[in-house]
Amino acid sequence: QVHLVESGGGSVEAGGSLRLSCVASVSKFTSTNYFMAWFRQAPGKEREGVAHIGRNGIETTYADAVKGRFTISRDIGKNTLYLQANNLKPEDTATYYCAAGFAYQRNGRLRDDSYGYWGQGTQVMVSS
């Protein structure tokens with residue numbers, strides 16, 4: 001089991017920045033060789049992948065909507081995932097979820113079915 005807890009959400013004006021964090025707790029006998037990602041879901045919309053980072057913290061993948069503005073990183077020693085979100089736009093308003101997975105489905109770094117563990121979410125609101 002992998003338990004994920006996000007923090008860092010809040011309300012900002014357009015153009016502002018936020019840093020989201022996600023702390024992972026791994027139960028005994030569970031592998032720590034997992035990849036991670038951030039997803040988001042806006043009211044009335046489907047959940048979408050935002051950014052992914054590989055097991056070694058080197059490989060990254062971004063959704064087109066956030067490329068150049070968001071940066072995903074992880075501190076493997078601290079079991080913590082980060083999302084630095086800069087130049088935020090009103091369309092970034094959503095609940096952001098941290099996720100962890102062990103096997104990619106159809107090679108999908110941003111497919112939600114590649115992830116079996118999810119946090120409870122942290123809300124981000126961007127006003128114009």
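A charge is said to sit over a ring if NZ of Lys or CZ of Arg is within 6 Å of the ring centre and within 35 degrees of the ring normal. In this predicted model, the charged end of Arg19 meets that description, sitting over the ring of Tyr82 at 4.0 Å from its centre. A second arginine, Arg47, lies over the face of Trp118, and here the distance to the ring centre is 3.8 Å.

Trp118 also leads into the contacts that aromatic rings make with one another. Seven aromatic pairs are found in the structure. One of them joins Phe35 and Tyr104: the ring centres are 3.8 Å apart and the planes meet at 15 degrees, so this pair is stacked. Phe35 belongs to strand E4 (residues 35-41), whereas Tyr104 is in the loop between strand E9 (94-101) and strand E10 (117-118), so the stacked rings tie together parts that are 69 residues apart in sequence. Phe35 itself is buried, its relative accessible area being 0%.

Another pair, that of Tyr115 and Trp118, is edge-to-face, with 6.3 Å from centre to centre and 65 degrees between the planes. The partners can be set side by side for accessibility: Tyr115 has a relative accessible area of 5% and is buried, while Trp118, at 26%, counts as partly exposed.

These rings can also be viewed as a group. Ring pairs link Phe35, Phe39, Tyr104, Tyr115 and Trp118 into a cluster. Within this cluster, Phe35 is a buried member, and Trp118, a partly exposed one, is the ring whose face Arg47 lies over.

Key. Residues are numbered from 1 along each chain as its sequence is written. This is a predicted model: local features need pLDDT of at least 70, side-chain atom pairs count only at pLDDT 80 or more; totals for chains, interfaces and linings use all residues. Side-chain values use heavy atoms; hydrogens and water are left out. Rings of Phe, Tyr and Trp (its six-membered ring) pair if their centres lie within 6.5 Å; planes under 30 degrees apart count as stacked, over 60 as edge-to-face and the rest as tilted. Helices (H or I, at least four residues) and strands (E, at least two) are DSSP runs, numbered from the N terminus. Buried means under 20% relative accessible area, exposed over 50%, partly exposed in between (1.4 Å probe, protein chains only).
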